[in-house]
There are 2 protein chains.
Amino acid sequence: MHDRFLRACRREPVDVTPVWFMRQAGRYMAEYRALRTKHTLLDICRTPELALEVTLQPLRLGMDAAILFADILLPLEPMGAPFEFAKGEGPVIHSPVRSRADVERLRICDPEEGLGHVLEAVRLIRRELDGKTPLIGFAGAPFTIASYLIEGGKSSHYQLTKKMMWSEPELWAQLMHKVSEVVRLFLRAQVAAGAQAVQLFDSWVGSLAVEDYRAHVQPYVARILGDAMSLGVPVIHFGTGTSTLLEAQRDAGGTVIGVDWRIPIDEAWARIGHDRAVQGNLDPLLLLAPREVAVARAKDILRRVGGRPGHIFNLGHGIVPETPVETVQAVIEAVHAGV
Amino acid sequence: MHDRFLRACRREPVDVTPVWFMRQAGRYMAEYRALRTKHTLLDICRTPELALEVTLQPLRLGMDAAILFADILLPLEPMGAPFEFAKGEGPVIHSPVRSRADVERLRICDPEEGLGHVLEAVRLIRRELDGKTPLIGFAGAPFTIASYLIEGGKSSHYQLTKKMMWSEPELWAQLMHKVSEVVRLFLRAQVAAGAQAVQLFDSWVGSLAVEDYRAHVQPYVARILGDAMSLGVPVIHFGTGTSTLLEAQRDAGGTVIGVDWRIPIDEAWARIGHDRAVQGNLDPLLLLAPREVAVARAKDILRRVGGRPGHIFNLGHGIVPETPVETVQAVIEAVHAGV
């Protein structure tokens, strides 16, 4: 019944457009907030039974895929770069990676050892879903993870990251290689544990000029995506602010290319090429608009797609905590109802 | 001698490509840091003699235009929305604008009254420059200013701004109208005071989908730009992250369209149309790279432009405080030397 997500990834005809949302399990849901009064975000990520519970929470709203509840920074600890989520500040990496010695001390960890709890969660979720809804695994892409490692947390302009990329290209290459290997092995392990598709989150790569992306990022992403695609599962290649990188991202690989809200989806798809599937492209903040506005914009995306097989409806980025559950549900229903 | 900036704005042939940098007066210069030990940013903006001093500081590096030292938020106080720069946090607007009453209490201020110190600075600078270097005046664009008013300061996602735009379109229109009138009159007054070109900074508009820009922003920008252009001075229309908005920004108006680093300048110019001049497009963080890397990338921009009249070399956004003065100077020299 719920194979329309996987079918759309393969550009096969579907009964209705499949839909899921980035951060579909999260603070906008009362069930999640209730659980968070007892457990930290990292506790949930590191406890397979809790990750299972949270992963399943949103499915009552009618999404066509489940996405593993985890965080793109989970590999940092087993790599040797522990971090915490500081209140209101996002992630804080205790010892940012800025020198050759810092890069050298990073380990290419075995995911079964360092990330065994995540893989156990994947196995639990697959068993619980029992074939009814497909499960998406994921990992952060090397540029995005490297930016956290170098900056020590969130960043507005990726100043230290770009400085290392341009000033110490060999050190950059060494860091990107290590992060890429961790990500590649982690995605491989998630698929082995039962993930039926994987998404690579290159959330911050839109800060780069095309030339810098092609020279300093694309080769690493291509290796990860090529390896994941060789496993026979759909691979979603996601970024934000990437309107000028779409061709370069497509060249790097992916069964499905993510498209944010800054470009109309039909224009984006034409540039990517219709031999790939696309995912997107509603502005997540439209879920804060009156329900009829959000629904009208969702319908407009469907109209632009015009029924071409290979579109997965999603937001251009994650759901924000202030989002009303009712609007999420209304948009899902509208997408399923079609234009 | 220094009319190459104004000539390039009008797409007339020039001896060498003119260059200036956004935030060319600022913390990266020792002279500026020295002055800031004695005066706050707002003190400098509000004291014509100090604004004059800071405006002139960078010109020894060889820029082809001076830009008034001021801040895009200066009109907020005379509009009735006082703010301060909190240490390390950027601007804090004391009473954010979120309700109808908040919008109604905003005043369309007479720039000669509320911003007389800025206009006096323009007059002083023009006199001091004595025709040797042209002076650019500027103002923030309505979306960017409205986002500060609504969010109460800097914002990552413009959540409250977009929510108002979609949920209360009449209130949004009223706010945008008021801000636009203030900006329009302010630019007009700067030109009357002697500014030889003006730039409209729509720094944050790149967060919008094209459809939202056209519906909720473009008409206001068009009115401001049309009015400024009717005064016979070049008008620069600037934004960041605007690769998908370039055509819509061009349609809104401007003698010169700003292009950030996310799109190659030749591609951007072809989309904008060669009947407009363009300004950009070096990533400001390239000034943190080794000097030869920054210079090579500057030369690449010139190569892409290929000598077509109507290119003003600039960064895609402002100079960051950590920038070495020597690199700024090297890039200016490289641009003047040509490919």
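Axes are lines fitted to C-alpha atoms, for helices over the stretch in contact, and angles between them run from 0 to 180 degrees between N-to-C directions. With that convention in hand, the tour of this predicted model can begin.

**First stop: two helices of chain B**

Select helix H11 (residues 169–193) and helix H13 (residues 218–229) of chain B; the two pack with their axes 9 Å apart, at an angle of about 15°. Angles under 35 degrees count as roughly parallel, and H11(B) and H13(B) are therefore roughly parallel to each other. Their crossing is right-handed. To display the contact, show the side chains of Met176(B), Ser180(B), Val183(B), Arg184(B), Leu187(B) and Arg188(B) on H11(B), together with Tyr220(B), Arg223(B), Ile224(B), Asp227(B) and Ala228(B) on H13(B). Coloured by class, the residues of this contact separate into six nonpolar, one polar and four charged.

**Second stop: the sheet of chain B**

Remain in chain B and select the strands in the order S1-S4-S5-S6-S7-S8-S9: these seven form an open sheet with parallel pairing. At its edges are strand S1 (66–67) and strand S9 (311–315) of chain B, each of which pairs on one side only. Now restrict the selection to strand S6 (residues 235–239) and strand S7 (residues 256–259) of chain B, which run parallel and are joined by two bridges. Which residue of S7(B) is the bridge partner of His237(B)? The partner is Ile257(B). Next, add helix H15 (residues 265–272) of chain B, which packs on the sheet and touches both S7 and strand S8 (277–282) of chain B. The direction of H15(B) makes about 155° with that of S8(B).

**Third stop: a cis peptide bond in each chain**

Within strand S8 of chain B, centre the view on Asn281(B). The peptide bond leading from Gly280(B) to Asn281(B) is cis, with omega near -5°. Then turn to chain A, where Asn281(A) lies in strand S8 (residues 277–282). Here the bond from Gly280(A) to Asn281(A) is cis, with omega near 0°.

**Fourth stop: a hairpin and a loop in chain A**

Select strand S2 (residues 83–86) and strand S3 (residues 90–93) of chain A; four bridges join the two, which run antiparallel. Opposite Glu84(A), in S3(A), stands Val92(A). Three residues separate the strands of this hairpin, in which Gly88(A) takes a positive phi near 75°. Another positive phi can be inspected at Asp130(A): the value is about 55°, although Asp130(A) is not a glycine. To find Asp130(A), go to the loop between helix H8 (116–129) and strand S4 (135–140) of chain A.

**Last stop: where the chains meet**

Show both chains together. How many residues of chain A are in contact with residues of chain B? There are 23 in chain A, in contact with 23 residues of chain B. On the side of chain A that touches chain B, helix H10 (residues 159–167) of chain A gives the most, with five residues. By class, that side of chain A has 13 nonpolar, six polar and four charged residues.

Finally, superpose chain A on chain B: a rotation of 180° with 0.0 Å of shift along its axis achieves this, with an RMSD of 0.0 Å. That is the relation of a two-fold axis. Of the interface residues of chain A, 100% are also interface residues in chain B, so the copies meet through the same surface.

Terms used
Residues numbered from 1 in each chain as written. Chains lettered and ligands numbered in written order. Predicted model: local features only at pLDDT ≥ 70, side-chain atom pairs only at ≥ 80, totals over all residues. Parallel < 35°, antiparallel > 145°, perpendicular 65-115°, else oblique. Left-handed = near helix turned anticlockwise from the far one by under 90°. Contact = placed C-beta atoms within 7 Å. Nonpolar A, V, L, I, M, F, W, Y, C, P; charged D, E, K, R; others polar. Pairing = 2+ DSSP bridges. Least-squares fit on C-alpha atoms with pLDDT ≥ 70 in both.
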